[in-house]
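Student: Could we go through this structure together, beginning with its internal space?

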Amino acid sequence: MQALATIEITGILQLTDEDKLRIGIAWDALSPNSRRAYKLAWRQLDEFLSSTGESLDNLTDSQLAAYLSTLDAKGVAPATISMSLAAIKWYFSNVKAVDVQFSISTKRLRTIRRDAKGRGRGQVDGLVWSDVERVCAFAESDGSVAGLRDSAMIRLMSDCLLRVSEVVAVNCGHFKQNTLLVERSKTDQEGSGVALYVTSDTRKVIRRYREKSGITRGALFRPVRRGDHIQPGRLTDVSARRIIKQRAANAGVDGFISGHSLRVGSAVSLAKAGASVVDLQVAGRWKNSQMPAHYARAEMAERGAIARFKEKQNT
């Protein structure tokens, strides 16, 4: 069962066959997206704890609350932080068979959500297409593998309106001619998949990155150490968000930048180019038109009835 490969890495828990059956049943009840998100959350928390000599199996409520605060300080979305807490609760309840309420962490999450709501939904600034070109030009300027990787990742997110979780899951084999196949996403729980167009400029940068890095299969976006040493595995969500924020800052792009800025920015750029709300919804794979309409509200207002008729009459 998929869960046990992750769970038994610690080597601490002694699981009976009955335990494994119980855990497997609970694991299979989760959606594929939830299973992937939970495994990622466990790994990221384990990395955080290992830096202080702690482990997931000895986690305290106070340590978890501190970790959630760290995620918030890095600009991780409240929904993602909530998923992390849910993953830990699932682990303790189903793997360790311990009923832990994590009351301190739950209160901390409540505060994070309240503060985010107070900042407003317009808090995140979009990276429009011109910003993306500027950011990527700076990233590519040193000719390093890391620079090409970051440019390729940012360009791909902008072209395909990818979420951070989607871009870190991209494999070399997911490309076919001019398109990228996204096998699973937040709005595609069944994993039907969707093909998204990739512009020629992005394809060129991806090709340069792959040639320089020597990556021919498996994860496309991987950790790179100093000296352009490619590491196994793939970038984490947290690493991808940090890269986007740092590259934007290096290029002098102001505002509150997060991993969501590329989806927002592309929606704005499409609206400026004349795309309808339906076009935005399809491009971004939103379930309804509310979010794309919100992101592009200023651009849509410029094409509204007042702008088209009253303004024209006054000129």
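Tutor: The discussion below takes up the cavity, then one helix, then one residue. This is a predicted model, in which local features need pLDDT of at least 70, side-chain atom pairs count only at pLDDT 80 or more, and totals for chains, interfaces and linings use all residues. Residues are numbered from 1 along each chain as its sequence is written, and side-chain values use heavy atoms, with hydrogens and water left out.

Student: How many cavities of 30 Å³ or more does the structure hold?

Tutor: It holds 1, and the largest cavity has about 40 Å³ of space. A cavity here is a set of points on a 1 Å grid over the protein atoms alone where a 1.4 Å probe fits but cannot get out; grid points are joined across faces, edges and corners, and the volume is the space filled by probe spheres set on the points.

Student: Which residues line the largest cavity?

Tutor: Gln-44, Leu-71, Val-76, Thr-80, Ser-84, Asp-237, Val-238 and Arg-241 do, lining residues being those with an atom within 4 Å of a point. The largest share, 3 residues, comes from α11; helices are DSSP runs (H or I, at least four residues), numbered from the N terminus.

Student: Where is Thr-80 placed?

Tutor: Thr-80 belongs to helix α5 (residues 78-95). Its C-alpha is separated from that of Asp-237 by 9.8 Å, the two being 157 residues apart along the chain.

Student: Changing topic, is Glu-140 buried or exposed?

Tutor: Glu-140 counts as buried because its relative accessibility is 16%, buried meaning under 20% relative accessible area (1.4 Å probe, protein chains only).

Notes
Buried < 20%, exposed > 50% of the residue type's maximum accessible area, 1.4 Å probe, protein only. Helix = DSSP H or I, 4+ residues; strand = E, 2+ residues; numbered from the N terminus. 1 Å grid on protein atoms, 1.4 Å probe; cavity = no way out; pocket = protein on both sides within 12 Å on 5 of 7 lines; lining within 4 Å.
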